[in-house]
Amino acid sequence: MSDFGKMVDEKCLLFAARVVNLCRFLDKERKGRFATDQLVRSGMGIGANFAEAECAISDNDFLAKLYISLKECNETLYWLRLLRTVGDIDEKHFNSIFPDCEEIKRLLVSIIKTKRNNMGNSKL
């Protein structure tokens, strides 16, 4: 894995840990009961699928895993926005974690675009 890939992998891992800790906090506060299960799954799925891409058997398999990671990232952004909208997480917590997820999304999009361009197909 390249240094860039290792950096993205580490960001995904640390983000997943933050999501787990946020969900633990919400459980203790008895908040977000309906969304935390989904949030923790999607938040951990970002890095899990990124890690799977490392062992892809083809370029298409690599892209497929990254697209799944990107979809998990989008879902995580949705659950975070929902929890903020219903008041289960305050602006401070939201503003702490949401930009990190957006950054990971931008990194994933960049990797996907670069790979597709290298494969001769520039559609995202």
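# Exercises on a Predicted Helical Model

In this predicted model, the count of aromatic pairs comes to two.

## Exercise 1. The aromatic pairs

Task: Determine how the rings of Y78 and W79 are arranged, and how the rings of F94 and F98 are arranged.

Solution.

Step 1. A pair of aromatic rings is described by the distance of the centres and the angle of the planes.

Step 2. For Y78 and W79, the distance is 5.1 Å centre to centre and the angle between the planes is 75°. Planes over 60 degrees apart count as edge-to-face, and the pair Y78 and W79 is accordingly edge-to-face.

Step 3. For F94 and F98, the ring centres are 4.6 Å apart and the planes stand at 25°. Planes under 30 degrees apart count as stacked, so F94 and F98 form a stacked pair.

Step 4. The positions in sequence may now be added. F94 and F98 are four residues apart in helix α4 (residues 91-119), and therefore about one helical turn separates them.

Step 5. The accessibility of each ring residue completes the description. Y78 is partly exposed at 40% relative accessibility, whereas W79 is buried at 15%. F94 is buried, with a relative accessibility of 5%, and F98 is buried at 11%.

## Exercise 2. Charges over rings

Task: State which ring the charged end of R84 sits over, and which ring face K115 lies over.

Solution.

Step 1. The charged end of R84 is placed over the ring of F94, at 4.1 Å from the ring centre.

Step 2. K115 lies over the face of F62, 5.6 Å from the centre of that ring.

Step 3. F94 thus has a part in two arrangements: the stacked pair with F98 and the placement of R84 over its ring.

## Exercise 3. The cysteines

Task: Find how many disulfides the structure holds, and describe the surroundings of C55 and C73.

Solution.

Step 1. A search of the whole structure finds zero disulfides.

Step 2. For C55, the nearest cysteine sulfur belongs to C12 and is 15 Å away. C55 is exposed, at 62% relative accessible area.

Step 3. For C73, the nearest cysteine sulfur is that of C101, at 3.6 Å. A disulfide requires sulfur atoms within 2.5 Å, and C73 is in no disulfide. C73 is buried, at 0% relative accessibility.

## Exercise 4. The length and packing of α4

Task: Compare the expected span of α4 with the distance between its end C-alpha atoms, and identify what covers its buried residues.

Solution.

Step 1. With 29 residues at 1.5 Å a residue, α4 should span 42 Å. The end C-alpha atoms of α4 are 42 Å apart, which agrees.

Step 2. The buried residues of α4 include F94, F98, C101 and R116.

Step 3. The cover over the buried residues of α4 includes α1, α2 (36-54) and α3.

Step 4. After α4 comes G120, which has a positive phi, near 85°.

## Exercise 5. Helix α3 and residue K65

Task: Establish the span of α3, name the helices its buried residues pack against, and decide whether K65 is buried or exposed.

Solution.

Step 1. The 27 residues of α3 should span 39 Å at 1.5 Å a residue, and its end C-alpha atoms are 39 Å apart, in agreement.

Step 2. Among the buried residues of α3 are D61, K65, C73 and W79. The buried residues of this helix pack against α1, α2 and α4.

Step 3. K65 belongs to helix α3. K65 has a relative accessible area of 19% and is therefore buried, the cut-off being under 20%.

Step 4. Neighbours within four places in sequence being left aside, K65 is in contact with N49, E52 and A53.

Step 5. Following α3 is G87, whose phi is positive, near 85°.

## Exercise 6. Confidence in the model

Task: Judge what mean pLDDT the protein has, and which of its elements has the lowest mean and which the highest.

Solution.

Step 1. The protein averages a pLDDT of 92, and 95% of the residues score at least 70.

Step 2. Among the elements, helix α1 (residues 3-28) has the lowest mean pLDDT, 92, and helix α3 (residues 59-85) the highest, 96.

Step 3. As a caution on reading, where pLDDT is low, the predicted coordinates should not be read in detail.

How values were computed: Residues numbered from 1 in each chain as written. Predicted model: local features only at pLDDT ≥ 70, side-chain atom pairs only at ≥ 80, totals over all residues. Heavy atoms only, no water. pLDDT = per-residue confidence, 0-100. Helix = DSSP H or I, 4+ residues; strand = E, 2+ residues; numbered from the N terminus. Phe/Tyr/Trp six-rings, centres within 6.5 Å; stacked < 30°, edge-to-face > 60°. Buried < 20%, exposed > 50% of the residue type's maximum accessible area, 1.4 Å probe, protein only. Lys NZ or Arg CZ within 6 Å of the ring centre and 35° of its normal. Expected span 1.5 Å × (residues − 1). Contact = heavy atoms within 4.5 Å.
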